[in-house]
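Notebook open, viewer up. I'll jot down what I look up as I go.

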Amino acid sequence: MYGYGYQNSGILKSSGGPALGPVNLVAPVISGTAERGETLSSTTGTWSGVGTITYAYQWKRDGANVSGATSASYLLLEADDNAFITCLITATDDEGSRSKISNTLGPVLGLPLNLAAPVLSGTETIGEILSTTNGTWQGKETITFAYQWRRDLANIGGATSNTYELVDADYQTTIDCVVTATNTFGSAAQDSNDSALIAGITPSISGVPTFAGTEQVGETLTATATSTLGRPIPSRTWKWQISNDGVSGWADISGATSITYLLDAADENKYVRVVQIETNGVGSDSANSAASGQIAAIPSFTGLLDTYPSAAAAYSLRQLRTAYSGDAIRVRRASDNTELNIGFVANELDTSSLTTFASGTDAFVTTWYDQSGSSINLLQTTATLQPKIVSSGSVITQGSKSAIEFLGGQLIGNTFATKSQPISIFATSKNSSASFGGAFGDNLQQANRVGVGYYFIASGVGNVTVDAENSNNIITSFIANGSSSKTRINNGTQLTGDAATQTQGGLFIGGGSYFGYMTGFFQEYVQWDSNQLSNEVGIRTNMNDYYGIY
């Protein structure tokens, strides 16, 4: 046995003892840059032996032979990324072989390799900002980093910086960030630690809500919210409350949970307030408005027909008598031809329901309901002849009051018996075209007509006196009573006309085949089958007090 302490080749002498071979005096040395694509080289080291010494090379990757790598140099490959490289030198002389391992180079820098995961930190509450480190990486320089934040492992669109502001959608989810390291060889990714479930912020209302509107039965109050904090963004609800004294004993009003509240008879002489409620998944907060004043009763209402009863036919866009509980008009929506009855609110046309129904389009009148009790409704089933009440979502008006616009059409009474004089007619209308056309009367024949309109026709057989065209909104009164017939406008201007001695046939508004069709506006038509001469001034005054025409 030889005591050199070197690795031998394993070749045995014929006598059975260990083989002799070169003795390594200086270990082999590999040199070069430990980076993919670079070439390493190895010395043989220094050896002592018998005869000629030859050398063999075997490169190793993490201690395992690299197939085919048996020359003095070695080109580092992708497979060597992050590995440690050595070279085994085997020296052979006349007596045998011995081997010696080189020094170690590495790790080989190649594709980025994560050594320590990125670390997420920050306050894990909506509205706060989280940040992430890059983690620790090795690989060929230069390494750049990209970020993708995830919510419950799903990518968050646009969240690609090393910080992320938590939003409402993150509530009760877990957040992490995937860091991608990239160099010239490619990319590798590593996710950070996960956050805890993201917390929210309990809603907090600042200030108090308010409301506006007339504090009177029949009027609508509308609430306005005050500012609110809270994450996720809270959902808002309302409730209206009532109190006998406006200080204590507040009680919820059943069903009053919208932003508006229509005061009804139960609220008379009481006090109301609105409660703003903000709620999210974390909790809720509420704030009370100040109390209203004492809710007033509906002002006493006396309609035109309460003062001057017994009308034969009555059509208006205001309520004409206290006992009338029907609707004002029936309308057709142009966009889909759906129809709806429109009634009154606080004795006036319910324009809120009308505009909501019209939904930004036009609406036309198919029926104008008779408020007299005679049920002589005015109808028009032909769409092209129906007058308009809403234009592009806005209610048509004359002055400050709603009006029906006739555009070459008419509304016809569904039943109207022949009427003998005396007959009294009062109406508000406005001409908007120079074309001749009757405003209202009968649509049967010249000899059977009562016509009063924007041309103010007083009828006779074969001779009709027509006042000059008037494009202003006016009140017309026409009393047909033989030789004492009178036609006046506004506060009493007398129009010239023949005695009207004929009977009245069918009723229409908006003109007809004999007169021509009207282009203009109507707001009210009331007819009595009696002589209303003594009430003429009072009726005209009532109309003017409402419409403000003169």
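Started with charges over rings. I found the charged end of R36 above the ring of F185, 4.0 Å from its centre. I also looked at K401, which lies over the face of Y546 at 4.2 Å from the ring centre. Note to self: this is a predicted model, so these are computed distances.

**Confidence**

I checked how far to trust the model. The mean pLDDT of the protein chain is 87, and 86% of its residues reach 70 or more. I marked residues 1-16, where pLDDT stays under 50; the model has 23 contacts beyond four places in sequence for that stretch. Residues 434-470 also stay under 50, and there the model has 132 contacts beyond four places in sequence. I'm leaving the coordinates of both stretches alone. Where pLDDT is low, predicted coordinates should not be read in detail.

**Overall make-up**

I pulled the chain totals next. The protein chain has three helices and 50 strands. Of its 550 residues, 46% are buried. I then looked at contacts between residues at least 6 apart in sequence: 64% of them join residues at least 24 apart.

**Aromatic pairs**

How many aromatic pairs are there? I get a count of 12. One of them is W149 with Y164, a stacked pair at 5.7 Å centre to centre with 25° between the planes. W149 sits in strand β14 (residues 144-151) and Y164 in strand β16, so this pair ties together parts 15 residues apart in sequence. W149 and Y164 are both buried.

Next I looked at F426 and W528, an edge-to-face pair, 5.7 Å centre to centre and 85° between the planes. F426 belongs to strand β41 (residues 423-431) and W528 to strand β50 (residues 516-528), so here the parts tied together are 102 residues apart in sequence. F426 and W528 are buried as well. I also noted one aromatic cluster made of F211, W240 and Y261.

**Strand β12**

Y164 led me to β12, since L130 stands opposite Y164 in β16. β12 (residues 129-132) and β16 (residues 163-165) run antiparallel, joined by three bridges. I also followed β12 to strand β11 (residues 120-121), its antiparallel partner over two bridges. There S121 stands opposite S131.

Which side chains of β12 are buried? L130 and T132 are, pointing to one face; I129 and S131 point to the other and are not buried. That fits the textbook picture: in a regular strand the side chains alternate between the two faces of the sheet.

**Strand β8**

I went to strand β8 (residues 85-92) and found it mostly covered, with six of its eight residues buried. Strand β5 (residues 54-61) is joined to β8 by eight bridges and runs antiparallel to it. One position I checked is W59, which stands opposite C87. β8 is also joined to strand β9 (residues 97-101) by five bridges, again antiparallel. Here L88 has I101 as its bridge partner. I looked at the link too: β8 and β9 form a hairpin with four residues between them. G96 in that turn has a positive phi of about 155°.

**Helix α2**

Which residues of α2 (residues 351-358) are buried? I have L354, F357 and A358. Viewed down the axis of α2, these fall within an arc of 95°, so they line one face of the helix. An α-helix has 3.6 residues a turn, so residues three or four places apart point the same way.

I then asked what the buried residues of α2 pack against. My list is β29 (329-333), β30 (339-342), β32 (348-349), β33 (363-368), β35 (388-391) and β36 (394-395). Just after α2 comes S359, with a positive phi near 50°.

**S187**

Last stop was S187, located in strand β18 (residues 186-191). Its relative accessible area is 43%, which puts S187 in the partly exposed class. Leaving aside neighbours within four places in sequence, I find S187 in contact with L111, T180, A181 and T182. I also took the distance from S187 to F145: 9.3 Å, C-alpha to C-alpha, with their positions 42 residues apart in sequence.

Notes
Residues are numbered from 1 along each chain as its sequence is written. This is a predicted model: local features need pLDDT of at least 70, side-chain atom pairs count only at pLDDT 80 or more; totals for chains, interfaces and linings use all residues. Side-chain values use heavy atoms; hydrogens and water are left out. Buried means under 20% relative accessible area, exposed over 50%, partly exposed in between (1.4 Å probe, protein chains only). Two strands pair if DSSP finds at least two bridges between them. Rings of Phe, Tyr and Trp (its six-membered ring) pair if their centres lie within 6.5 Å; planes under 30 degrees apart count as stacked, over 60 as edge-to-face and the rest as tilted. A charge sits over a ring if NZ of Lys or CZ of Arg is within 6 Å of the ring centre and within 35 degrees of the ring normal. pLDDT is the predictor's confidence in each residue, from 0 to 100. Contact means heavy atoms within 4.5 Å. The arc is that of the directions from the helix axis to the C-beta atoms.
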